[in-house]
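Me: I'd like to go through this one slowly, asking how we know each thing. Can you take me through it?

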Amino acid sequence: MPKRTRFTTWRPLATAATAALVATLLTPAAADAAPRESRPVHSYDNAIREAVWVDTGLDGDRDGRPDRVAVDIVRPREPARQGRKVPVIMDASPYYSCCGRGNESQKKTYDANGDVNQMPLYYDNYFVPRGYAFVGVDLAGTNRSDGCVDVGGRSDIQSAKAVVDWLNGRAKAYTTRTGTTRAKAAWTNGKTGMIGKSWDGTIANGVAATGVEGLKTIVPISAISSWYDYYFQQGAPLYDSGPEWLSDYVNSPDARAKCAAVQRKLVDGAPRTGDWTPLWTERDYVRAARKVKASVFLVHGMQDLNVRMKHVGQWWDALAKNGVERKIWLSRTGHVDPFDFRRATWVETLHRWFDHELKGYDNGIDREPMADIERAPDRWTTSKTWPPSGTRAATLRPDRGAQAGAGTLGLHRGHGTATFTDDPKLSETDWAAQIDKPTREKAGFVTRPLTRDLRLSGSSEVTVTATPSTPTAHLSAVLVDIGPATIRDYADAGEGITTLTGRTCWGASTAGDSSCFKETKAKTADVDYTIVSRGWADLGNHASDLTGGPLTPGKPYTITLDLAATDHVVPKGHRLALIVAGTDKGLIDPPADRPELTVDLSRTSARVPFVGGAAAFARATTGAAAATPDATPLDGVRDPRTAHRVPEGSQ
């Protein structure tokens with residue numbers, strides 16, 4: 001897979017210019033009369049609830065009939081009576097029956113007529129009274145839909161795209177799964193916004209990458225941008241199974257009986273070698289970012305070890321390159337919905353975003369800072385653009401230390417070598433805890449204590465020249481903030497939140513669909529170090545991201561590891577560390593061998609994006625060297641949990 005552009009900053013000048021032009025054409029009276037916020041004036045209890053089945057044009061289950069996907073709809077009755085059309089908020093998901101949505105794992109329930117009774121989450125409760133329709137789509141092969149799950153491929157994406165087409169009068173739908181009575185979407189103006197967490201948000205990314213007309217905005221939360229990067233990174237396997245396991249996990253019983261051919265394609269097309277195949281090209285939305293017409297409001301946890309931050313950096317940069325209107329929230333959680341870590345502000349912001357993008361209200365959200373970033377638990381800052389203007393990559397170089405312990409990290413080329421042995425029983429937390437001690441399992445390099453704060457923002461990369469002792473070897477590179485802090489405990493089962501017993505309500509409720517959800521609070525941990533960013537690779541992929549091969553023991557190889565995007569301030573008095581090691585337990589699978597690797601420090605470096613670039617790094621590291629390190633291991637979060645295999649939305 002070719003390298004992707006980094007450190008791109010885009011300013012929404014076109015949007016601002018258009019707004020300014022419109023303002024000059026409006027009289028003050030007209031401008032004052034324009035609505036700025038949708039109000040809950042419609043009855044939720046009396047809303048229209050109905051189901052249609054949309055023809056996808058595919059026959060994934062090979063039963064001789066085009067697949068139809070089930071579409072459950074909740075929409076306000078009053079606009080329909082008045083002949084007014086409404087916009088649509090859509091969540092297309094494989095989880096409506098198998099696994100559930102949200103922190104409370106809600107599933108769809110139905111009344112005696114087969115119409116949806118409980119729609120998971122709060123979107124319908126909150127937005128239907130405000131003049132939106134909410135649409136919940138069962139992906140092909142799940143719940144009440146025909147077809148087969150193909151894990152981000154053509155069937156998954158067409159499941160939702162066909163619904164957008166139907167909402168805009170370009171596709172067929174029926175009132176039943178097998179009948180011939182057509183259903184029309186005369187009640188909508190076709191303006192659609194897609195939202196969803198994890199797999200659901202991934203579908204939003206994929207549909208936007210088709211360029212479908214009528215999709216005005218997407219809100220991908222903890223979403224995948226390229227399915228290869230969910231299962232591998234530069235040849236290194238992140239999980240012990242492929243997409244066929246995930247497809248079987250969410251397929252309905254009917255689909256499991258019919259979808260053996262699709263399962264076989266998933267097995268054959270995703271070899272455990274980590275080589276890039278046409279299957280991954282089909283599921284790479286980044287390469288199609290040039291087609292995206294919808295605006296994007298992206299939300300992700302910077303400690304998400306399920307859908308990892310690499311998905312954010314490459315998708316964000318590709319959207320920036322193509323001038324897409326964007327907004328971003330970055331939290332300190334793991335795989336958590338913003339409804340569960342910043343609830344009130346999130347609902348208000350999402351409301352304003354949809355009002356602006358789908359109803360056309362000039363509420364100013366497009367002129368506000370592009371990024372909201374969580375600096376510490378429940379402490380947020382903003383950035384006008386992201387990464388901020390003035391962010392430039394600095395080349396940092398590791399070197400041997402003057403005393404036993406960790407090596408140094410600075411701007412001058414290093415000398416000599418560092419050697420470590422891969423130990424699959426150890427993780428990044430084990431390496432960081434011993435950063436000031438020489439250990440056989442890592443090579444660690446640390447700056448002087450900082451004399452001022454230093455902000456990293458964007459995606460980094462680490463180039464390593466290493467000589468392996470075996471034909472196979474995996475590499476990990478980790479950036480670490482060494483110093484005391486209180487952080488969200490992303491390694492805990494709640495991934496940075498604790499679920500409480502009290503509830504808050506967001507919208508209207510019915511007997512069958514409550515808008516009230518359990519409250520949460522931050523789950524914190526006091527630590528001596530914080531993992532900032534990570535990256536992994538199979539050294540056998542040194543010549544290409546697309547394919548790998550066996551290594552010649554004793555021969556040096558150079559490879560550049562992509563590190564995940566982040567935004568982190570290393571405070572004054574802390575140190576920044578680079579760790580190079582082998583298998584990162586729980587986050588990548590080990591190689592066939594247990595190699596010893598010798599790193600050539602003169603040919604090893606890290607390119608890290610700092611606000612202020614190399615000059616900011618130099619100014620922050622001009623102080624005195626650290627005192628002799630204490631031999632006591634540093635405290636951090638527990639080891640990363642066993643690798644997730646399901647990009648699931650519930651905790």
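**The sheet and the disulfides**

Reply: Sure! Start with the open sheet: eleven strands in the order β7-β1-β2-β6-β3-β8-β9-β12-β13-β14-β15, with mixed pairing. Keep in mind that the model is predicted.

Me: What makes β7 and β15 the edge strands?

Reply: Strands β7 (173-174) and β15 (379-383) each pair on one side only.

Me: How do you know that β12 and β13 pair?

Reply: Count the bridges. Two strands pair if there are at least two bridges between them, and β12 (residues 295-301) and β13 (residues 326-331) have six, in the parallel sense. In that pairing, H300 stands opposite L330 in β13.

Me: Which helix packs on the sheet?

Reply: That's α13 (residues 343-358), which touches β3, β8, β9, β12 and β13. The direction of α13 makes about 160° with that of β9.

Me: On to the cysteines. Why is the link between C98 and C99 called a disulfide?

Reply: The cut-off is sulfur atoms within 2.5 Å, and those of C98 and C99 are 2.1 Å apart, so the pair counts as a disulfide.

Me: And why is the disulfide of C98 and C99 called left-handed?

Reply: The torsion about its S-S bond is about -80°, so the disulfide is left-handed.

Me: What makes C99 buried, and what is C98 called?

Reply: Buried means under 20% relative accessible area. C99 has 10%, so C99 is buried. C98 has 29%, which falls between the 20% and 50% cut-offs, so C98 is partly exposed.

Me: How do you know that C148 and C259 are joined?

Reply: Their S to S distance is 1.9 Å, and the limit is 2.5 Å. The torsion about this S-S bond is about -85°, so this disulfide is left-handed. The pair links distant parts of the chain, 111 residues apart: C148 is in the loop between β6 and α5, and C259 in the loop between α9 and α10. Both C148 and C259 are buried.

Me: What about C505 and C516: which hand does their link have?

Reply: With 100° about the S-S bond, the link of C505 and C516 is right-handed. C505 lies in strand β23 and C516 in strand β24, so the pair ties together parts that are eleven residues apart in sequence. C505 has a relative accessible area of 44%, so C505 is partly exposed.

Me: How many disulfides does the structure hold, and in what pattern?

Reply: Three. Counting bonded cysteines along the chain, the pattern is 1-2, 3-4, 5-6.

Conventions. Residues numbered from 1 in each chain as written. Predicted model: local features only at pLDDT ≥ 70, side-chain atom pairs only at ≥ 80, totals over all residues. Heavy atoms only, no water. Helix = DSSP H or I, 4+ residues; strand = E, 2+ residues; numbered from the N terminus. Contact = heavy atoms within 4.5 Å. Axes fitted to C-alpha atoms, helices over the stretch in contact; angles between N-to-C directions. Buried < 20%, exposed > 50% of the residue type's maximum accessible area, 1.4 Å probe, protein only.
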